[in-house]
Amino acid sequence: MALLGLNHNVALALLCTLFSGISSGMMYFGVLPAYLYLLTGGSNTKVGAVEGVQGMLTTLTSIVIGYYTDLPGVKRQTILRIGGVLGLLGTGAIYGALFVENFASMWVALSLLGIVGAFSWGPLETILADSVETGRRSAIYTARTVLGLGSGCLGPLLAVVLFGSRENQWSLEECRFVLMIALVPLGFCSVLFFFFLDSKTLGAASEGLLHRSDGSSSQPTATDRAEPLGSTSQPFSASAIARGSSSLLHVGFHRSD
């Protein structure tokens, strides 16, 4: 995929940000809590329990997935594809729960989406970082932040339009209609997870700083970008590695890239 000349994975990440922002904006900024509140007969406790369990599952599963993703030989594209499968299953489960109007079914479906977040967004962030060339990271991440904020604002606006096009009432039927529309971009986002590729990452070209055997630091040259990390053409001494680690730790506390 080549979108505006962007790296394959970068273009996919931006599209995921767009679709997920629209979906989340429509679902979580009022409509989903209202639907759950009406479904439970006005129980704030049950609404809070559903959202709390979803967030807890995302947090706990993220720890396991983060550890597993860093193991040697594990491909991030594989993790993302698992997330894509679970995302489609979760989307389908929510559609089913909306049709049967059952609180327990909705709780299970939303819990599944909580697990999906751990499978998808952690690996996505790392594969994105390794797909951005040195010197462009600030621009790409700024564009992604703006896109996320913009799509997040667009979601509630679309919800307002959908409510206005119908009876404009906060009823189970109206909320269900808006939620069913909101799930469409979420499904698109899940499908995009299948197309991320580790082979499209940039290797040395995505490293912010290279430390050579003489201890000096520089931005990657054209030659550096053509060679993967660990190439035997550029040996690293123990002292250079130590100095490099110290420098990178210092940079890490002050810059995101």
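## Exercises on a predicted model: holes, patches and salt bridges

Let's start with the enclosed spaces: the model has 2 cavities of 30 Å³ or more. A cavity here is a set of points, on a 1 Å grid over the protein atoms alone, where a 1.4 Å probe fits but cannot get out. Before you dig in, note that this is a predicted model, where local features need pLDDT of at least 70, side-chain atom pairs count only at pLDDT 80 or more, and totals for chains, interfaces and linings use all residues. Residues are numbered from 1 along each chain as its sequence is written, and side-chain values use heavy atoms, with hydrogens and water left out.

**Exercise 1. Work out what lines the second largest cavity, and which elements supply the lining.**

Step 1: get the volume, which is about 30 Å³. A volume is the space filled by probe spheres set on the points, with grid points joined across faces, edges and corners.

Step 2: list the lining, meaning residues with an atom within 4 Å of a point. For the second largest cavity these are Met27, Leu32, Ile94, Leu98, Met106, Leu110, Leu179 and Leu183.

Step 3: find the elements. α4 (76–100), α5 and α7 give two or more residues each to this lining. Helices are DSSP runs of H or I with at least four residues, strands are runs of E with at least two, and both are numbered from the N terminus.

Step 4: sort by chemistry. The split is 8 nonpolar, no polar and no charged. Ala, Val, Leu, Ile, Met, Phe, Trp, Tyr, Cys and Pro count as nonpolar, Asp, Glu, Lys and Arg as charged, and the others, Gly among them, as polar.

**Exercise 2. Do the same for the second largest pocket: describe its volume and its lining.**

Step 1: a pocket is an open set with protein on both sides within 12 Å along at least five of seven lines. The second largest one has a volume of about 420 Å³.

Step 2: 23 residues line this pocket, and the closest to its centre are Ser20, Ser24, Tyr28, Trp121 and Leu186.

Step 3: α1 (8–28), α3 (44–69), α5 (103–129), α6 (137–164) and α7 (172–192) each put in at least two residues. The largest share, 7 residues, comes from α1.

Step 4: this lining divides into 8 nonpolar, 14 polar and 1 charged.

**Exercise 3. Describe the salt bridges that Arg76 makes, and say which residues join up in a network.**

Step 1: a salt bridge is a side-chain nitrogen of Lys or Arg within 4 Å of a carboxyl oxygen of Asp or Glu. That rule gives 6 of them.

Step 2: Arg76 pairs with Asp130, with the closest N and O atoms 2.8 Å apart. Arg76 sits in helix α4 and Asp130 in the loop between α5 and α6, so this pair ties together parts 54 residues apart in sequence.

Step 3: Arg76 also meets Asp198, at 3.2 Å from N to O. Here the link runs from helix α4 to the loop between α7 and β1 (210–211), 122 residues apart.

Step 4: put them together, and Arg76, Asp130 and Asp198 are linked in a network of salt bridges.

Step 5: check the cover. Buried means under 20% relative accessible area, exposed over 50%, and partly exposed in between (1.4 Å probe, protein chains only). Arg76 is buried because its relative accessibility is 14%, and Asp198 is buried at 17%. Asp130, at 25%, is partly exposed.

**Exercise 4. Compare the cover on the two partners in the salt bridge between Arg166 and Glu174.**

Step 1: their side chains meet at 3.1 Å, N to O.

Step 2: Arg166 is partly exposed at 33% relative accessibility, whereas Glu174 is buried at 2%.

**Exercise 5. Find the members of the nonpolar surface patch and place Met56.**

Step 1: patch residues have over 30% relative accessible area and no salt bridge; like charges are joined within 9 Å, and nonpolar side chains (Val, Leu, Ile, Met, Phe, Trp, Tyr) within 5 Å.

Step 2: the members are Met56, Leu60, Ile63 and Val64, with about 400 Å² of accessible area together. Those areas come from the Shrake-Rupley method with a 1.4 Å probe; for residues, only the protein chains shown count as cover.

Step 3: Met56 belongs to helix α3 and is partly exposed, with a relative accessible area of 44%.
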